Every structure is written in structure tokens, then in C-alpha cells.
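User: Could you take a close look at the salt bridges in this model, and at how open to solvent the side chains that form them are? I would like one connected account, with the reasoning spelled out where a cut-off matters.

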Amino acid sequence: MKKKINYAEGDCFSVPLRNGGFAVGVVARMDGGGGIFGYFFGPRFADVKQINVLDLSPEDNILIGMCGDLGLIKNEWVVVGRIPNWSRQQWAMPKFIRGDKDDLKLILSTYDENSLDLISEIEVEASEISFLDYPPDRLMGYGAVEIRLTKLLSDLAIT
């Protein structure tokens with residue numbers, strides 16, 4: 001049985017944190033088969049009713065990456081609004097980096113914006129790029145996203 005997709009590109013959703021409260025995510029790309037590329041934001045909110053999607057801007061993210069959509073499908077991640085005048089260009093999908101900070105060579109990966117399939121990889125000298133300019137090339141489960149956001153926002157008070 002095919003799962004019902006209950007979200008679209010540009011939708012904003014709450015992400016429950018493991019120590020209470022919520023973060024916010026934005027569906028920036030989706031493959032229609034369980035994968036999304038998302039932007040994630042703080043601060044921690046005590047209640048999803050406090051989330052204002054008008055305050056979200058791509059450059060203010062605290063985490064970006066590809067992940068599974070099971071949290072949305074199971075309604076554990078709840079759609080709370082939509083980015084007004086949604087634009088893929090404004091919410092770009094970057095190249096991703098694979099390797100360790102101490103490696104001499106790193107891999108830059110490019111993914112298709114519709115299927116989220118890998119379309120190219122190039123090896124680059126680590127000295128030629130900044131490791132911090134690219135998100136890690138990984139696929140996170142929805143629980144891993146919750147754990148990562150909980151760690152990133154653990155020192156912030158709930159608003």
C-alpha cells in the first residue's frame with residue numbers, strides 16, 4: 001500500500017525535540033518516495049502555535065540536509081504553515097561534502113533536485129575548500145534529525 005504524502009515543498013513543520021519543545025523544518029525538496037531535503041531552525045518553541053513561518057529565512061538555518069519523511073507521514077512532524085511565495089531558487093539545494101576534516105581530499109556531491117538521486121561527485125583538495133561551507137553528505141532518519149536538533153538547541157531556553 002502506497003503511503004499518503006501529507007506535505008509539499010514549501011511546507012513548514014514542527015519537529016519535536018527529545019528534551020521538550022519543538023524546532024521548525026521546511027520541506028525544500030521532496031522525491032515523492034520518502035526522501036526530503038530540508039532546512040531546520042531554532043529557537044526551541046514550547047508550543048507549535050508559537051511558530052511563525054513568516055520569520056523563517058534560509059540563511060538562518062541551524063541544520064540542512066536530506067532525511068526521511070516518516071516523521072511527517074506518522075504526523076509526529078506536524079505541518080504548521082507554508083512559506084509565502086515559495087521559491088525553489090530562494091531555498092537552494094547545495095552541494096554536499098563527504099570526508100573527514102583531516103582528510104587531504106574530500107568529495108563534493110551533487111544531487112538531482114527532483115529525484116534526490118546522486119548525479120555527480122568530484123574529488124577536491126581539502127586545502128582548496130572550506131569544510132564548513134557544505135553540509136555533510138548523509139541521509140538522516142527522522143529520529144536522527146530530532147536528536148541532532150535537540151543537541152543544537154539544548155542550551156537555548158524555550159520561547
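Analyst: **Salt bridges and their surroundings**

K74 has a relative accessibility of 45%, and it therefore counts as partly exposed, since that class covers what lies between the buried limit of under 20% and the exposed limit of over 50%. These values, like those that follow, come from a predicted model. The salt-bridge partner of K74 is E76, with a separation of 3.3 Å from N to O between the two side chains. E76 is likewise placed in the partly exposed class, in its case at 33% relative accessibility.

This pair belongs to a set of nine salt bridges in the structure. Another of them joins R88 to E9, where the closest N and O atoms are 2.7 Å apart. R88 sits in the loop that runs between β5 (79–82) and β6 (96–98), whereas E9 belongs to the segment before β1 (11–16), so this salt bridge ties together parts of the chain that are 79 residues apart in sequence. The two partners fall into separate accessibility classes: R88, with a relative accessible area of 24%, is partly exposed, while E9, at 15%, is buried, because the buried class takes in values under 20%.

A further salt bridge connects E121 with R98, and here the closest N and O atoms lie 2.6 Å apart. It also links distant parts of the chain, since E121 is found in strand β8 (residues 118–125) and R98 in strand β6, with their positions 23 residues apart in sequence. E121 has a relative accessible area of 40% and is partly exposed, and R98, at 33% relative accessibility, is partly exposed too. The pair does not stand alone, for salt bridges with shared partners bring R98, E121 and D137 into one network.

To set beside these pairs, there is an acidic residue for which a polar contact can be described. E146, which is located in helix α2 (residues 142–153), counts as buried at a relative accessibility of 6%. Its side chain is joined to that of W77 by a polar contact of 2.9 Å. Leaving aside residues up to four places away in sequence, E146 touches V15, P16, L17 and R18 as well as W77.

Taken together, the account runs from K74 and E76, both partly exposed, through the bridge from partly exposed R88 to buried E9, to the network that includes R98 and E121.

Methods: Residues are numbered from 1 along each chain as its sequence is written. This is a predicted model: local features need pLDDT of at least 70, side-chain atom pairs count only at pLDDT 80 or more; totals for chains, interfaces and linings use all residues. Side-chain values use heavy atoms; hydrogens and water are left out. A salt bridge is a side-chain nitrogen of Lys or Arg within 4 Å of a carboxyl oxygen of Asp or Glu. Helices (H or I, at least four residues) and strands (E, at least two) are DSSP runs, numbered from the N terminus. Buried means under 20% relative accessible area, exposed over 50%, partly exposed in between (1.4 Å probe, protein chains only). A polar contact is a pair of N or O atoms within 3.5 Å; within protein, one must be able to donate a hydrogen and the other to accept it, and residues adjacent in sequence count only if both atoms are side-chain atoms. Contact means heavy atoms within 4.5 Å.
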